[in-house]
Amino acid sequence: MASADHHGPLSQFEIKTLLPIRLGEADISFTNSSLMMVIALVLIMLFLMLGVRRKALVPGRWQSMVELSYEFIVGLLRETVGADGRRYFPFVFTLFMFVLFGNMLGMIPYSFTFTSHIVVTFALAAVVFVGVTILGFVKHGFHFVTFFVPPGVSVALWPLLIPIEIISYLSRPISLSVRLFANMLAGHTLLKVFAGFVPALGAAGILPLAFVAALSGLELVIAFLQAYVFAILTCLYINDALHLH
């Protein structure tokens, strides 16, 4: 029974300690999740450095991909935030690439998907939430609290609507993190379940195998879409902080 649990569909999300490190009572061990984050960062740096090392007038494959990534986020900021959004490009671009590479690395068999853990996605969402809130107060001062007052609404409705707006605002890091975490967790679990049918059914496992292949393609699309959703919501939150309603 223990062996079955160990090899079950949820075993792929188990965090394993690779290098035990304790700082007093705090456990800051280097884990498989930490390793995949480091690999993601290294791959992102290699991807960008390989793409810009030549700066050819006629771009090659690597340079084209880097330029497309750059233009994609610049266009996203331009459409959602406007001209003021360019200064926040490094932040949004870093978030997008980190989530994207984390999602894509998780598609490699026997790897680890760190974006399938709520502690990771919530930490990213919390950085966005705190940063955007600070930005709002720096930009508008105490006037930022008017963001919670729906425009054109009667003062008599403020006691009802303002708490709703505040709760909605405070729920942003939860919805942002859960959306990414849940999609990665559900998709990889489903892949593992169907992959387990293939060897069990022998020759008849061709149908589950075909389904796994199709599902893997869908998961690749979802991996990109979730990074896109994380980035565009970050852009929208920045826009709210800069322009209020």
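Select Y70 to start: at 34% relative accessibility it counts as partly exposed, because that class lies between buried (under 20% relative accessible area) and exposed (over 50%), with a 1.4 Å probe and protein chains only. The model is predicted, so local features need pLDDT of at least 70 and side-chain atom pairs count only at pLDDT 80 or more, while totals for chains, interfaces and linings use all residues. Residues are numbered from 1 along each chain as its sequence is written, and side-chain values use heavy atoms, leaving out hydrogens and water.

**The Y70 ring and its partner**

Add F89 to the selection; this residue counts as buried because its relative accessibility is 14%. Aromatic pairs are rings of Phe, Tyr and Trp (its six-membered ring) with centres within 6.5 Å; planes under 30 degrees apart count as stacked, over 60 as edge-to-face and the rest as tilted. The structure holds 17 such pairs. For Y70 and F89, the ring centres are 4.9 Å apart and the planes stand at 65°, so the pair is edge-to-face. Y70 belongs to helix 3 and F89 to helix 4, 19 residues apart, and the pair links distant parts of the chain.

**A cluster of rings**

Next select F144 and F148. Their ring centres are 6.3 Å apart with planes at 70°, so this pair is also edge-to-face. Both residues are buried. Extend the selection to F129, F137, F147 and Y169, which ring pairs link with F144 and F148 into a cluster.

**The whole chain**

Zoom out and colour by secondary structure. Helices (H or I, at least four residues) and strands (E, at least two) are DSSP runs, numbered from the N terminus. The chain has eight helices and four strands, in the order α-β-β-β-β-α-α-α-α-α-α-α from the N terminus. Its C-alpha atoms fill a box of roughly 70 × 55 × 45 Å along the principal axes. Of the 245 residues in the chain, 38% are buried.

**The largest nonpolar core**

Which residues have the most contacts inside the largest nonpolar core? Select I73, F230 and I238; the core has 49 residues. A nonpolar core is a set of buried Ala, Val, Leu, Ile, Met, Phe, Trp, Tyr and Cys residues joined through side-chain atoms within 4.5 Å. Helices 2 (32-52), 3 (61-80), 4, 5, 7 (172-201) and 8 (206-243) each supply at least two of its residues. Helix 4 gives the most, with 11 residues.

Now show the surroundings of F230. Contact means heavy atoms within 4.5 Å. Leaving aside residues up to four places away in sequence, F230 touches L95, V99, L124, A125, V128, L176 and L180.

**L191 in helix 7**

Move to L191, which lies in helix 7. Is L191 buried or exposed? L191 counts as buried because its relative accessibility is 12%. Outside the residues up to four places away in sequence, L191 touches M107, V212, L215, S216 and E219. For a distance check, pick T31: L191 and T31 are 160 residues apart in sequence and 24 Å apart in space, C-alpha to C-alpha.

**Last stop: Y110**

Finish at Y110, in the loop between helix 4 (89-105) and helix 5 (118-140). Y110 counts as exposed because its relative accessibility is 87%. Its phi is near 70°, a positive value in a residue other than glycine. Most residues other than glycine have a negative phi.
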